[in-house]
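These entries record what I looked up in one structure, item by item. I kept them in the order in which I worked.

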Amino acid sequence: MTHITHLDHIAIATKNLTESLDFFEKKLGLICTHIEDLPERGIRVAMIPLGDTRIELIEAMREDSEISAFLQKRGPGIHHLAFATKNIHDDMKTLQEQEIVLINEKPTQGAHGAEVGFIHPKNSGGLLIELCQHKD
Ligand code: ZN
């Protein structure tokens, strides 16, 4: 079993973070609380809290970013759902033991210093799922 607890965020790939933020903030009246660059992954993320979960807007910072292929193939839109877990290392091991294909074998660094790992969409009928464990 995994240690998944709740839906952490819904991530949306965008071609223009400023324009997307404009929509969520000025039209919907939501508030972005954090913008962070993740240069190792080639992305900039903006977080918009929404009740117990949040919207995470992702923009590519370079052409070989984590979301560039997705944007080219499918265009802007929902990129992944993120499930919060209490023990990402154990979960990724458990999934591998069940022959679930992971995109990265070990957790990598996410926003706010969280540890994140991705489950390949072919396991779930097309949905990219992120596991994330926040720092306490
Ligand atoms: Zn995410």
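Entry 1. Is E59 buried or exposed? I noted first that I am working with a predicted model. I then looked up the relative accessible area of E59, which is 14%, so E59 is buried. The cut-off that I applied is under 20% for buried.

Entry 2. I next asked which residue E59 meets in a salt bridge. The partner is R44, and the N to O distance is 3.4 Å. I placed E59 in strand β4 (residues 53-60) and R44 in strand β3 (residues 43-50); the pair therefore ties together parts that are 15 residues apart in sequence. I also checked the cover of R44, which is partly exposed because its relative accessible area is 27%.

Entry 3. I asked how many salt bridges the structure holds, and the count is seven. I followed up two others individually, beginning with the one between K26 and D22, whose closest N and O atoms are 3.3 Å apart. Both K26 and D22 belong to helix α1 (residues 17-27), where they are four residues apart, about one turn of the helix. I recorded K26 as exposed, since its relative accessible area is 64%. For D22 I found 35% relative accessibility, so D22 counts as partly exposed.

Entry 4. I then turned to R54, which forms a salt bridge with E56. The closest N and O atoms of R54 and E56 are 3.0 Å apart. Salt bridges that share partners bring D8 together with R54 and E56 in one network. I looked up the cover of R54 and found 14% relative accessibility, so R54 counts as buried. E56 counts as buried too, because its relative accessibility is 7%.

Entry 5. Which residues are the protein donors of the zinc ion? I found H9 and H80, each through NE2, and E130 through OE. These donors lie 2.0 to 2.1 Å from the zinc ion. Along the chain I read their spacing as H-x70-H-x49-E. I located H80 in strand β5 (residues 77-85) and E130 in strand β8 (residues 129-133), so this pair ties together parts that are 50 residues apart in sequence. I noted that H80 is buried, because its relative accessible area is 1%. E130 has 4% relative accessibility and therefore counts as buried.

Entry 6. Having met β8 at the zinc ion, I looked at how β8 is covered and paired. I found β8 mostly covered, with four of its five residues buried. β5 and β8 run parallel and are joined by four bridges. In β8, I129 is the residue that L81 stands opposite. I then took up strand β7 (residues 115-119), which pairs with β8 in the antiparallel sense over five bridges. Here I noted G117 standing opposite L131 in β8. As background for reading these strands, I kept in mind that side chains in a regular strand alternate between the two faces of the sheet.

Entry 7. I searched for aromatic pairs and found that the structure holds one. The ring centres of F23 and F24 are 5.2 Å apart and the ring planes stand at 75°, so I recorded the pair as edge-to-face. The cut-off for edge-to-face is an angle over 60 degrees. I asked how the two rings' residues are covered: F23 counts as partly exposed because its relative accessibility is 42%, whereas F24, at 12%, counts as buried.

Entry 8. Last, I examined backbone angles. Where is E99 found? I located E99 in the loop between α3 (88-97) and β6 (108-109). The phi of E99 is near 60°, a positive value in a residue other than glycine. E99 has 71% relative accessibility, so I entered E99 as exposed. I also noted H112, which has a positive phi of about 60° although H112 is not a glycine. I found H112 in the loop between β6 and β7. With a relative accessible area of 46%, H112 is partly exposed.

How values were computed: Residues are numbered from 1 along each chain as its sequence is written. This is a predicted model: local features need pLDDT of at least 70, side-chain atom pairs count only at pLDDT 80 or more; totals for chains, interfaces and linings use all residues. Side-chain values use heavy atoms; hydrogens and water are left out. Rings of Phe, Tyr and Trp (its six-membered ring) pair if their centres lie within 6.5 Å; planes under 30 degrees apart count as stacked, over 60 as edge-to-face and the rest as tilted. Buried means under 20% relative accessible area, exposed over 50%, partly exposed in between (1.4 Å probe, protein chains only). Donors are N, O and S atoms within 2.8 Å of the metal (3.2 Å for Na, K and Ca); water is not among the atoms, so sites may look incomplete. Helices (H or I, at least four residues) and strands (E, at least two) are DSSP runs, numbered from the N terminus. A salt bridge is a side-chain nitrogen of Lys or Arg within 4 Å of a carboxyl oxygen of Asp or Glu. Two strands pair if DSSP finds at least two bridges between them.
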